[in-house]
Each structure stands twice: as C-alpha cells, then as structure tokens.
Amino acid sequence: MRGTVLYGPGDIRFEDREDPKIIDPTDAIIRMAATCVCGSDLWPYRGLQPLNGPTPMGHEYCGFVEEVGSAVTSIKPGQFVVGSFATSDNTCAHCRYGYQSSCAQREFISRAQAPYLRVPLADGTLVPSPGGAPSADLLPSLLTTSDVLGTGWYAADAANVKPGVTVVVVGDGAVGLMGVLSARQMGAERIIAMSRHESRQKIALDFGATDIITERGDEGVARIKDLTKGVGADSVLECVGTQESMMQAIHSTRPGGFVSFVGVPHGVELNGQQLFFSHVHLHGGPAPVRRYLPHLMGLVLNGEIMPGKVFDLTLPLDQVAEGYRAMDERRAIKTLLQP
Ligand SMILES: [Zn+2]
C-alpha cells in the first residue's frame, strides 16, 4: 500500500510502505473509511517539533475491521469501528478511572493517513458502531469522535461545564470549535468564542457560541471581563497550546473557576506566584477520548450533533500533501482524506 510520510518541514509524501500486519495477538487491522489531518500534525510539518527521520503520519481514523489477532474477543472482522489516537487496554487502573490516554499499555497511533492501519489492544481501543455500517453522510461526523470531538468534549468536561455556566473557548481550530459544540450540549448558557477568522466564527455560532471576541492577549481578557461584569468566566477551554493562549485562558477565568488545557503545549511556562493568586482549577492533558467514544458515536448516529461540518476540505488520500498545505496556509480548517 501507499501511506503518508513526513520527511521534513513542508515535505509530505504519499509513498510505498509495507502493508500493516498483525504483530501481537491483541492487534486488529482496519481498512480505512476516512482519515484526516490534525492541527497537531502541523507542529512537525512547520518544523516546530523535531523529527527523527521520515515519520509516518496520522492518528484519526474510522473504518472496517479486516482481521484480528488470536487474543481479540470483542472486535470482529466486518465491524465498523472508531478508535482513539491513544491505544488502551481499558482494564488497567488508569483506564478504569477514565484516563485511557494514560493507559499503562498506551501507544500513540501514528500511521493512520493510509488505507490500512494496525491498531494495538483492539478490544480496549476500538468501539464498534452499534447499528453496523453507517451511511456515508455520517462518516465525517463519526471521524471527529476519534480525536477532535473527543478532545473538545474533554476540554468542556475538564473545565466543569454545566447547565447555566459562562464558557470561554480560546482557539478557533477544529478542537476549539468542538469545545463550543460540547459546551452547548452540556447546557452552558453563554459561550464566548475567541476567533479572528470569519469562516471559523460562522461555524462557532452554528455550533452554539453566543458571543465572538476578536481581540487577543490582555485586550481579549479585558473584553471577557466586560462581558462578565468584571468577574471572569466559570469555565475556560484552552485549545491552542501557546504561552499567550494559556495566559489568556487563566486570566479570563474567575477565582474558583476552571481552566482546561488540551492544546499540546509548545513553550508554555507558568509562574508559580501568578498561578497561586489566580485561584483557578487546572485540568488538561491528552484527552481520554476512549471514555467518551460510545456516547459521542451515539449522539452522531442519532443525528443529535453534526460535528463533521468542521471539515471544509475533502481530498482523495493520495493528495494528502495538499491537505496539509491548505491547513498550514489557513485555507482550510480541517482536511478529510478519502482512501
Ligand atoms: Zn489501561
């Protein structure tokens, strides 16, 4: 088969690679129905994260089970499945507490921008679609449950979003937009999205944002204080991962409020004194997507949410390089790839 490999900054190639095979008896091989490019793929693509030589790419996936190892019991060939970017046995202590992305046996998926994928710990990682093969129009939304929706949902959950609260979402990438949708689903009364891009503002409003703020940094914080009678927000979702966005999130939160952070931090440093006097709860990290998968797949399959709207570019898988370019140049929010 051919698959996606990053050779260096801006250098994505779709080239011959070995077909994935069952290695451990707990593995499954899936045939990709749809995959996509993640905002986090852009860090190494832009040269902001070092590479150890040519690196296979992709960690968001859904598709049909082709083959399973001899120890796999619940996942069967022919099922349509979605899995997380982090594999999990779903039985260890961390998994049982709902932190499957810290599973004792965790591996990170990194070869999903390809027609076939090996998924370790198949029984614990993959969730089959209860109704069998979904209709084609649901594929984009189901694909979001594999990472961006699960991450946005975790961001809202970790920021303690509840009915009636005021939420701020820092970051208008796909995860931030999913954070807006999730906060709406959880009953937030006011959802303030921080965005400067018209196409993203539109989707944020469509997903349930009540206010849009275009200012950043101290000015952005001042606008949020204006909108909350000087108090600050109850729940703030940090969905970027830079120093500026993290400080913006902490300073926008009321004392006693909650900040979640799901953007992979790049160069973020927190000052202990500032943190101490901010009086906020902090909770973040790689989202335990597996915890939410059954619920989120259900919401999609029942037609209650349409998170797939976040894909504004769809390309054949072999044009993956253009998919990265379009996102890098901000011509696309998120690129869906069809094998
Ligand atoms: Zn585990």
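**Exercise 1. State which residues of α5 meet which residues of α11, and classify the contact.**

Solution. On the α5 side the residues are Leu 149, Gly 150, Thr 151, Trp 153 and Tyr 154; on the α11 side they are Val 289, Tyr 292, Leu 293 and Leu 296. Contact here requires C-beta atoms, placed from the backbone, to lie within 7 Å. By class, this contact holds seven nonpolar, two polar and no charged residues. Ala, Val, Leu, Ile, Met, Phe, Trp, Tyr, Cys and Pro count as nonpolar, Asp, Glu, Lys and Arg as charged, and the others, Gly among them, as polar.

The model is predicted: local features need pLDDT of at least 70, side-chain atom pairs count only at pLDDT 80 or more, and totals for chains, interfaces and linings use all residues. Residues are numbered from 1 along each chain as its sequence is written.

Next, the geometry. The α5 and α11 axes come within 9 Å and cross at roughly 105°. Axes are lines fitted to C-alpha atoms, for helices over the stretch in contact, and angles run from 0 to 180 degrees between N-to-C directions. α5 and α11 are therefore roughly perpendicular to each other. The classes are: under 35 degrees roughly parallel, over 145 roughly antiparallel, 65 to 115 roughly perpendicular, and the rest oblique. Helices (H or I, at least four residues) and strands (E, at least two) are DSSP runs, numbered from the N terminus.

**Exercise 2. Describe how α5 and α6 cross.**

Solution. Helix α5 covers residues 148-158 and helix α6 residues 174-185; their axes come within 7 Å and cross at roughly 55°. That makes α5 oblique to α6. The crossing is right-handed: the near helix is turned clockwise from the far one by less than a right angle, whereas anticlockwise would be left-handed.

Then the residues. Among those of α5 in the contact are Val 148, Thr 151 and Ala 155, and α6 contributes residues including Ala 174, Met 178 and Leu 181. The contact of α5 with α6 divides into 10 nonpolar, four polar and no charged residues.

**Exercise 3. Give the strand order of the six-stranded sheet and identify its edges.**

Solution. The order in this open sheet is β11-β10-β9-β12-β13-β14, with parallel pairing. Strands pair if DSSP finds at least two bridges between them. β11 (211-213) and β14 (281-284) each have a single partner strand, so one side of each is left without a neighbour in the sheet. On average, neighbouring strands are turned by 20° against each other, direction ignored.

Inside the sheet, strand β12 (residues 233-238) runs parallel to strand β13 (residues 253-261), joined by five bridges. Val 236 stands opposite Val 259 in β13. Helix α9 (residues 243-252) packs on the sheet, touching β9, β12 and β13, and its direction makes about 145° with that of β13.

**Exercise 4. Describe the three-stranded sheet.**

Solution. Its order is β2-β1-β4, with antiparallel pairing. β2 (11-16) and β4 (55-56) stand at the edges. Strand β1 (residues 2-8) pairs with β4 over two bridges, and Val 5 is opposite Pro 56 in β4. Helix α12 (residues 320-328) lies across β1 and β2, at about 160° to β2.

**Exercise 5. Locate the two domains and describe their contact.**

Solution. The domain assignment gives domain 1 (2-147 + 288-338) and domain 2 (149-284); such bounds come from an automatic or database assignment. Their centres, taken over C-alpha atoms, are 26 Å apart. The contact takes 20 residues from domain 1 and 18 residues from domain 2. On the domain 1 side, helix α11 (residues 289-301) gives the most, with four residues.

Definitions and conventions
Two residues are in contact if their C-beta atoms, placed from the backbone, lie within 7 Å.
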